[in-house]
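Me: I would like to go through this model with you and ask, term by term, what each label rests on.

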Amino acid sequence: MLNLVLFGPPGAGKGTQSQKLIEKYGLIHLSTGDILRGEISQGTELGLEAKKLMDDGKLVPDAVVIGMISHKLDANKDAKGFIFDGFPRTVAQAEALDTLLESKNAPISGMIALEVNDDELEQRLLLRGKDSGRPDDANPEVIRKRIKEYNDKTAPVAGFYQGQNKYKSINGIGSVNEIFDAINAIISSY
Ligand code: B4P
């Protein structure tokens with residue numbers, strides 16, 4: 001089973017690369033951001049709660065996203081593997097994911113991190129915000145807050161996977177296809 005964690009700051013290209021990886025490897029895409037936006041568009045109680053935090057550039061509580069992922073893993077028992085995109089975003093989420101996967105005897109194959117500097121991230125997200133309709137992409141102040149949340153709470157997750165010898169990072173600046181090739185080279189080493 002191929003279980004991949006795609007890692008990087010907001011706007012690093014995780015969602016973009018995930019789409020290509022799903023096509024190539026037939027994996028199930030688990031993007032906590034997409035799942036949360038789905039809850040918002042359906043107007044659920046969870047969505048209403050998450051919207052306030054997301055629009056303000058903050059992370060949604062661990063228990064909420066861990067529950068969502070657990071549910072999706074159970075709903076896809078016959079999957080060839082998963083791409084975790086935007087999850088885990090805290091060390092507590094990473095520990096919970098290990099426990100969930102242990103019970104299924106299907107550990108994480110590796111984490112691949114996309115490295116992109118803050119100026120480029122801000123430019124990409126503002127550009128996307130022009131037509132995505134995502135409130136968290138429209139405001140430079142919120143984008144900077146998301147990057148700060150990443151540095152404070154999410155960056156330490158890299159150390160969690162480094163400790164398991166499962167961490168590799170690549171340059172996330174370049175064409176989408178160049179970056180995809182670099183990811184594939186890592187996957188073929190698993
Ligand atoms: P996400 O939906 O995960 O949002 P993101 O980090 O902005 O997405 P991503 O990084 O995938 O964007 P991409 O690079 O594809 O999270 C949104 C919010 O949800 C969070 O702030 C948080 O509130 C909440 N949330 C989600 N998961 C959570 C969790 N686990 N715990 C707690 N809270 C959670 O795309 C960016 C742009 O760059 C695109 O326009 C793309 O076209 C462009 N791009 C991509 N590759 C490029 C390249 N090589 N060159 C130039 N541009 C490129």
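Reply: Let us begin with the polar contact, which is a pair of N or O atoms within 3.5 Å; within protein, one must be able to donate a hydrogen and the other to accept it, and residues adjacent in sequence count only if both atoms are side-chain atoms. The model is predicted, and local features need pLDDT of at least 70, side-chain atom pairs count only at pLDDT 80 or more, while totals for chains, interfaces and linings use all residues. Residues are numbered from 1 along each chain as its sequence is written, and side-chain values use heavy atoms, with hydrogens and water left out.

Me: What makes the pair formed by valine 60 and a nitrogen atom of the ligand a polar contact?

Reply: A backbone N or O atom of valine 60 lies 3.0 Å from that nitrogen atom, so the pair falls within 3.5 Å and counts as a polar contact. An oxygen atom of the ligand is likewise 3.0 Å from a polar backbone atom of glycine 11, and an oxygen atom of the ligand is 3.2 Å from a polar backbone atom of threonine 16. The protein covers 87% of the 1000 Å² of accessible area that the ligand has on its own, with areas taken from the Shrake-Rupley method with a 1.4 Å probe.

Me: Which residues surround the ligand, and what makes them count as near?

Reply: A residue is near if one of its heavy atoms lies within 4 Å of the molecule; 30 residues surround the ligand, and the closest are Gly13, Lys14, Thr32, Lys58 and Arg146. The largest share of this shell, four residues, comes from α2, where helices are DSSP runs (H or I, at least four residues) numbered from the N terminus.

Me: How do you know that the space taken by the ligand is the largest pocket?

Reply: A molecule sits in a pocket if more than half of its atoms lie within 2 Å of its grid points, and by that rule the ligand takes the space of the largest pocket. A pocket, on a 1 Å grid over the protein atoms alone, is an open set of points where a 1.4 Å probe fits, with protein on both sides within 12 Å along at least five of seven lines, and its lining residues have an atom within 4 Å of a point. The volume of this one is about 950 Å³, and of its 47 lining residues the closest to the centre are Pro10, Gly11, Lys14, Arg89 and Arg134.

Conventions. Points joined across faces, edges and corners; volume = space filled by probe spheres on them. Helix = DSSP H or I, 4+ residues; strand = E, 2+ residues; numbered from the N terminus.
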